[in-house]
Structure formats: structure tokens, C-alpha cells
Amino acid sequence: MVKHQPLQVYEKQVFVSFVTGIYGCRWKRYQRSQDESSRWECTWFVILCSSFLLLLFWGYFWLMARNDFNDFNWLVYNRSGEWRDETMPILASTTVGFSYVTFLLILALFHISLGQQLNLYWVHKMGVLATLLTTISGVIFVDDLWGDEWDILLASLQYTAPFLHLGALVTVTAISWLVAGYVVRREKSNIQVMVLFIYIVVLVALCLAPLTFTCPCIMDRHSLKPRPSVIGRRGAPMLAPENTVVSFNRALQHGASSLEADVTISVDGVPFLMRDHTLRRTTDVTKVFPARQYEDASFFNWTEIRSLNAGQWFLESDPYWTAASLTAKERSRIGNQTVCSLVEMLRLAAKANSSALLNIHKPPPEHPRYRSWFMDTLRAVQKAGIPLKRVTWTPDTDRGRVRGLHQTTSEKLSVEAIRQRGITSLTLHYSKASHKELQEYLANNVSVTVYPVNEPWLYSILWCSGVPSVSSDAPHVLRKVPYPIWLMSQSAYNFIWMTSDLVSVAIVIGVFFFQKWRMSGMQNYNPEHIMLSAVARRSSRDVNIMKEKLIFSELNNGLSSTEELSLYPENGYVRYSHGGLSR
């Protein structure tokens, strides 16, 4: 009696070929393996995961830092001397690198789920390494040039933490399929125990993470304070050249309740509006006074300053990518702008029944107006005809000489220090005051203006914090925010938090039990239990039958030369007789 050994049947595995081909250039079946991945390939998998996490952090940082792109470009200008939008190449390279690394990581996870050996192609290894080193270089560069901007990450978590928590919980829950498949295997090792321990710690930490959140917009909607007033910081510099008459007009048109400007004193005592120390960036001084282009702006007289064009640079450099939306009339008006004096700006504010916030740049000690800058500024305020109570300025010096003017400071002070100085308001960068500190200031009747606030998400959390006013480069954007982007009661958020945690834990437990049952079934399964006779009934268009071997099951006893193996063509068998093989 002869037992018939089944033949191996190979079907086309298009998806597996696609995954292993792109990831490791293993397009053929014989190139693939289901053996354990080598330590070297596991190391590259760790590098791939690290690159993904770093790029995720890097991309999130730039997404939130969009609020301060203009400040970043200004810092680059001060270092390089050339004005250009440096954020565009950074965003483009980050998007490409993140997409590339994410795609490779997805392929690697498919390898693990399909039981395929990891073998990253050398070209991809070079690509991942280049992406990682480029990102690290970018982090070092930003830390050196723009180190204070890291604070925006803490500020943004007040807005994004609940959503990041849900996203992380979904991701960790999905990964449970791979972790369970690795942990419940027949072969046990210390690494499996370590992987399981780390996974449990991460899952528990995520479930309890909301205990550490401070989100101002998780509050009773009845406790929401009035909408913060918007101050046009240098007017509306995204729509028109900063610190010009047309810029302040655009800010008022888009609902700004106050105007903010940077004030510099000319050599002949005329206060004018200029942010930079030189005139190179925002005027045509390089054409009119080429020999003096690096000279301090305060050492020009008012006649010289007034002769400069202060609008053409905006049309040429297009710092906010808005010039293309301007009409021909608007472009003509902007192109003919001159440097604005303080009197002009204050008269515009008075006409619009608005107020003004002035950032005074003191002249250097060698300046002719070094000792008289205060009186020069005060005379300009009086000449403009604006009520003194509607004018606020900083720095908070010469308090004894100020009659009727409000003074503010950009220095973060304690409530006691504020009372001692006699200050009633603060102008703070959004990163300098936490939600708790803002509540303390407001509880002690200290008015707080926060700057710069250009994105709706930041405006929303400051609104929920009760801040009375914000200073913005984009009043036209904040005008479109009639209500905080999201607002949720504490009880509603607690319900979402608890429900998501319980669902996640239930799914993870179910996945582990399913993988345990699945693995126990696979251990009793012989993949060669596919009889050739069954295969013969399938269409040749569905499968490729490769007759690789005929192995007799009774090899220990052997077969005599007289024994015969009879297989009939109609049933998919072949006849083997003494002395030959016939069909």
C-alpha cells in the first residue's frame, strides 16, 4: 500500500511581493524568508522608528510655530541681512521626509504582521539616515537661532492635548495586534517579556495622561468671558506693509479695536514708526542712500526718512504670500507708501475712536535726542489730539513725568511688584504666562495683553483663559473666530476620557486572547495538507501548481522496487511502476 504525499501549492502573493519588494527589493518568492530578523535589521527598524518619532515631533512643532513665522524670518534676516521666507524650504523638506519615513514604517509593520523577515534595502537605509541627520541638524539650528520658540509646544498642548491623547490611544490599541502576535509565540524569551512590560506601561500611562492636562477650554460655557479685543500689531502686516498708514487702515477695517506701533526718534526729534534698527528691509534706502544703508535708522533726519519708499518692498518680497490677491488699485497705493510718523498714526486712531499701544525704542547714548526722547514722544501725542487716556506705552520709565498716560511693561512681574510700580497692565508674550498665572493677574485686576496671537487655536485658548486683549499681525484672521474653536464641559470630557480608555483596554485584551487562540491553532496546522487531487479541481487560471517534490510518508520503512504508485491523470495522479514512470 502506498500513501500519497501532497504537493506544495503556490499562489500568487501580489501584496506580499509589493511589500517586500519596495521595502527590501525582494520581489521573488525565493528571496523572501520567514526566519527571525537579524540584529542588524532590527537595529535599522529602531532607527526607522526613531526617525518617524523625531519627524512627527518636528512636524508638530512647525505646525504650531506657524503663529510666529514672521518672527522667525525676521531673526533670519537679522543674522543673514537678506529677507526671504525661510519657512517654505523647511516645511517642504519636512513633509517629504515625514511621508517617506512613514511609508517605510508602514511597510515594516506589514512585514511583521505577515511574518516576513525584515531586510531594508540599502538605498532606503541611506535615505532614512539622511532624513534623520537633516532633521537633527534642523533641530540644532532652531535651538540656536530660535530657542525660545520651543515654549509654543507647551502652550499648544493646552489646546491639542485631548485630541493627541485620543490619537495616541488609537495608535497604541492598533499596535496591540503586532505586540500580541510577538508575545504569544511558542518560543519564549526575555525580550518578549520586556516588550510586553513596556507596552503595558505605555498603555497605562496613556490611560492616565488626562490627569496631567490643563486645558482652559474644558470649562462651563456659562463661565466664558467676553471675546478678547484685537490690537493691530504694526497694523495688518499680512495685508499691507507694516507700520504704514495703509496697514493701520486695513487693521481698523478688519475689526481691530486698537493699534500697536514701534516708535523710533529721528536725529531731529521726530518720532516715526520703524521696527528694525536699520532702514534696509522696509525701505529703498539702498538706492537712495547706499552709503548709509547699515546706519541706525534714528541717525537719519525726518526729511531723509520721508523721502524713502516704504511699500515697494512688500510687493517685491511678498512676505506673507498675499500680494497676488491685491487689486491694481491696492498695489498702486501700497507701492507709494512712505514711512509713517507717530502723529499720523495717532490721528488715524483718534479719528476711528481707537486707542494706541506704543513700543518706544530709546535712542543710543550717542544720539542727540538721547535725553529728550520722552518729551519728543509726549509732544507728538499732544499734537495728534488723541485723549491721553487712550494711549499706552512701554517701557514703564519716567512714571513721575507721565500725566494721564497708561504705562505697561513686557516684563513678567509678580502681583506685589506690579503694585509697587503702580502698573495696571502687562503686555506679555504668550509663552511667558501659564493659565494659572493669567488667572492670578486677572483676579488682582491686572489687565493682560498677550502677543503675538495670529492663529485661531491660540486665540481660542486665551479667550477661554479670560484674557481681555491680544496683539495680532492677523486681525483679518481672528475676525473670523466668533467663538472658541472647541469648548467642552468637564463632565463631558470625563465621559469621553473614561469611555475611550475602557474601549481601548477591552480591545487590547480581546486581541491578546484572539492571537493566543490563533497561534495555538497554527501550531497544529501542517501547511502541506493540501492534496493534489483537490488542487486538480481548481482552475489553472486561479493558481500555479508547482510539483516540487513527492515524498513518501513511510520513509523509515522504504519502498521496494516492485511496489507501484498509481496516479491517474483524470484525478491528478501519476503512475509509478517498477522500472519506470508512466502517465
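Accessible areas here come from the Shrake-Rupley method with a 1.4 Å probe. With the whole protein chain of this predicted model in view, its accessible surface comes to about 30800 Å², and 60% of that belongs to carbon and sulfur atoms. The chain has 583 residues, of which 47% count as buried, and it holds 20 helices and eleven strands. Among contacts between residues at least 6 apart in sequence, 67% join residues at least 24 apart.

**First stop: two crossing helices**

Select residues 39-64, which form helix α2, together with residues 151-183, which form helix α6; their axes come within 10 Å and cross at roughly 105°. That angle makes α2 roughly perpendicular to α6, because angles of 65 to 115 degrees are counted in that class. To see where the two helices meet, show the side chains of F57, Y60, F61 and M64 in α2, and then those of I152, L153, S156, L157, T160 and L164 in α6. The residues of this contact divide into eight nonpolar and two polar, with no charged residue among them.

**Second stop: the disulfide**

Next, select C217 and C464, which are joined by a disulfide with an S to S distance of 2.5 Å; the count for the model comes to one disulfide. The torsion about the S-S bond of C217 and C464 is about 95°, so this disulfide is right-handed. C217 lies in the loop between α7 (190-208) and β1 (229-233), whereas C464 belongs to helix α17 (residues 456-465), so the pair ties together parts that are 247 residues apart in sequence. Are these two cysteines buried or exposed? C217 is buried, with a relative accessible area of 0%, and C464 is buried as well, at 7%. Two further cysteines can be selected here: C207 is buried, with a relative accessible area of 11%, and C340 counts as buried at 1% relative accessibility.

**Third stop: helix α17 and its surroundings**

Stay with α17 and select the whole helix, which is mostly covered, since nine of its ten residues are buried. The buried residues include W457, L458, Y459 and W463, along with C464 of the disulfide. Just after α17, G466 takes a positive phi of about 90°. On the other side of the helix in sequence, select P452, which is found in the loop between β8 (447-451) and α17; the peptide bond that joins Y451 and P452 is cis, with omega at about -25°.

**Fourth stop: S257**

Now move to S257, in the loop between α8 (245-253) and β2 (258-265). S257 is partly exposed, with a relative accessible area of 35%. Leaving aside neighbours within four places in sequence, S257 is in contact with S229, V230, S354 and S355. A distance can also be drawn from the C-alpha atom of S257 to that of A352: the two are separated by 9.0 Å, although the residues are 95 places apart along the chain.

**Last stop: two residues with positive phi**

Finish with N243 and then D318. N243 sits in the loop between β1 and α8, and its phi is near 60°, a positive value in a residue other than glycine. N243 is buried, with a relative accessible area of 3%. D318, which lies in the loop between α11 (312-317) and α12 (328-335), has a positive phi of about 45° although it is not a glycine. At 18% relative accessibility D318 counts as buried, because that class covers values under 20%.

How values were computed
Residues are numbered from 1 along each chain as its sequence is written. This is a predicted model: local features need pLDDT of at least 70, side-chain atom pairs count only at pLDDT 80 or more; totals for chains, interfaces and linings use all residues. Side-chain values use heavy atoms; hydrogens and water are left out. Axes are lines fitted to C-alpha atoms, for helices over the stretch in contact, and angles run from 0 to 180 degrees between N-to-C directions. Helices (H or I, at least four residues) and strands (E, at least two) are DSSP runs, numbered from the N terminus. Angles under 35 degrees count as roughly parallel, over 145 as roughly antiparallel, 65 to 115 as roughly perpendicular and the rest as oblique. Contact means heavy atoms within 4.5 Å. Ala, Val, Leu, Ile, Met, Phe, Trp, Tyr, Cys and Pro count as nonpolar, Asp, Glu, Lys and Arg as charged, and the others, Gly among them, as polar. Buried means under 20% relative accessible area, exposed over 50%, partly exposed in between (1.4 Å probe, protein chains only). A disulfide is a pair of cysteine sulfur atoms within 2.5 Å.
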